[in-house]
Amino acid sequence: MKGKVIIGNKRIPIARTSRKALKIQLPTVKSLHRATLTLSLSPLTLRMRLLQRCFVTVVVLLLVGAELKTSANGGDFTGDYSKLSGIIIPGFASTQLRAWSILDCPYSPLDFNPLDLVWLDTTKLLSAVNCWLKCVMLNPTNQTDHAECKSRPDSGLSAITELDPGYITGPLSSVWKEWVKWCIEFGIEANAIIAVPYDWRLSPSKLEERDLYFHKLKLTFETALKLRGGPSLVFAHSLGNNVFRYFLEWLKLEIAPKQYIQWLDEHIHAYFAVGSPFLGATETVKATLSGVTFGLPVSEGTARMMCNSFGSSLWMMPFSKYCKADNIYWKHFSAGMRKDHSIHQCDEQEYRLNYSGWPTNIINIEVPTIRGVEAYPSASEVAQTNLSNMECGLPTQLSFSAREVSDGTFFKSIEDYDPESKRLLYLLEKSYHGDPVLNPLTPWDRPPIKNVFCIYGIDSKTEVGYYFAPSGKPYPDNWIITDVIYEFEGSLITRSGNVVEGNPGTTSGDETVPYHSLSWCKNWLGPKVNITRAPQSEHDGSDVQVELNVEHRDDADIFPNMTRSPRVKYITYYEDSESIPGRRTAVWELDKANHRNIVRSPVLMRELWLQMWHDIHPDATSKFVTKAKRGPLRDEDCYWDYGKARCAWPDYCEYRYVFGDVHLGQSCRLKNSSIDLLLHYV
């Protein structure tokens, strides 16, 4: 046969053949084996079949190219950010509680009616504190509501933006409001940001038992996927990280093991753990023994009673990084077979090293020589006696490590001196050690999520240990804090200024959670890590320092050998250089970022937004967003440079007066839209 095949405007000559078949090789592509075209003796048939094969080949090549582009940044998701959802899990005491009862308050003009704000209504707290406490406190034994008043968490974004809305109280109690404003400025749709408030007073098992919270959370992820068409980004703060961890373990028992990872990959694109107390927080001990007021106009004794009535009061207790619990599946399959099995399995290091891996002992407490009920007399007895009974003998000082606090040893040791210790020990064993899903007082493993970002503040003076002594008063004021141990600038110091021996870290925590606990997620990084340190403020890249492929050993902290200016606040990025395929891990440390205010930090919101933008952009080639420079992204980031008599950042900002501006800085605005500026960070 002799003829020509026409493809487009070109004619391809075909040599004469006899009855031998003529084969033309087509390109080899993914999902398509070696394609061959056998030409028959008919030129028309040849032409039609060749055109069909060429069309299929082009389509397959386009699909393959799309697949390669999608997986270039390691996140397995690119495209329109309108498909993503953001799910916010707030922290402890960061959700509004509303009354679900009618409560008449004597001697006060303010009563509680259904849907009235309870947490946090400072007006009713000041005018009717006893009524307010009835609505806030739970039964300490079974975590049920007070007989006269019950409260339930509010729903929606309004439940987490401001705890006490008002002209004065609103800004003081703002939590996630600034976060939501950022999302609105960048065009995020209203149904793309989903808040999942919860009753932060309950233990994890009670959250599911009373409110079916984890069933609802699972439905929230599935609804977001169906509504938006893409996976979700999880933003959790403080205790919200513990809630999310429990959800991931609970999910293992709800979904077949083979479908567990598939469900996570389909529904969760990234997890941002903000200020997570991975190994607990020492401030929880302070709240349990002496009370933490959170700035409320109540006494420490009242705050202690309120906190100890919550089932969640022990959720953030400090614990050892060397002790682990049984596997969740073994825990269920072996139920009833190993009754004498210990709750914790501790490594040899726990007993060979001091302080359970923490900087120092968590509790140093003086116990009186008197035992029994005389150790905590009634208020009338205190009024009639003095401290002369302490002269019978010197008090004994006992010290307890993180393991001894979390496994109940501490509470057993003070049973004769504190009436609350038995109840706390019962709560610890029932709701935490005996939890059927997870013992939360055990170290975290990296969540099996594609992208994990661990973010926290450092370099602030943080409490890591306490000295307690009996006060001679009845419960709840029977203990006083005689001294506090802080970690700061690589050393341990007391409130009185004395240096304490111990194992201080390379830096300190975020004023609430110690660095030892915050930085546990560094163990999730790969064997080689890229470290970048840059100023938190907008910069041109001149003060950016980089160390590539730093060796990382498990259970060892990573600290860069970099300089820092004392007047500059930095953000240090630790990012996987080598990691499991399809998995990314990054740790961000923000200088001087306070634990409670970090979610309102403009620096954090900027970095999160840039990373999200990078992840969804189809042209992104690197695993993480560039750190080379940071320019203004919003009009609020532009300001007037009085030294140069112009708007700062002239490449980004310009002077543009709008009626109503009251100073020069307000008239400095972006030259281009935020979307155009984001293209610099692909």
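Two strands are said to pair if DSSP finds at least two bridges between them. In this predicted model, 9 strands joined in this way form an open sheet, and their order across it is E9-E5-E10-E11-E16-E23-E22-E20-E21, with mixed pairing. The sheet ends at strand E9 (193–195) and at strand E21 (545–551), the edge strands, each of which pairs on one side only. If direction is ignored, neighbouring strands of the sheet are turned by 15° against each other on average.

Strands of a sheet pair through backbone hydrogen bonds, either parallel or antiparallel. A good place to follow this is strand E5 (residues 85–89), which pairs with strand E10 (residues 232–237) in the parallel sense over 5 bridges. Within this pairing, Ser85 has Ser232 of E10 as its bridge partner, while Ile87 has Val234 of E10. E5 is also joined to E9, by 3 bridges, and these two strands run parallel as well; here Ile87 stands opposite Ile194 of E9.

In a regular strand the side chains alternate between the two faces of the sheet. In E5, Ser85, Ile87 and Ile89 lie on one side and Gly86 and Ile88 on the other, and both faces are covered, with all of these residues buried. Buried here means under 20% relative accessible area.

Helices also lie against this part of the sheet. Helix H8 (residues 213–228) lies across E5, E9, E10 and strand E11 (268–274), and runs at about 165° to E5. Helix H10 (residues 257–267), in turn, lies across E10 and E11, and runs at about 80° to E11.

Technical notes: Residues numbered from 1 in each chain as written. Predicted model: local features only at pLDDT ≥ 70, side-chain atom pairs only at ≥ 80, totals over all residues. Heavy atoms only, no water. Helix = DSSP H or I, 4+ residues; strand = E, 2+ residues; numbered from the N terminus. Axes fitted to C-alpha atoms, helices over the stretch in contact; angles between N-to-C directions. Contact = heavy atoms within 4.5 Å. Buried < 20%, exposed > 50% of the residue type's maximum accessible area, 1.4 Å probe, protein only.
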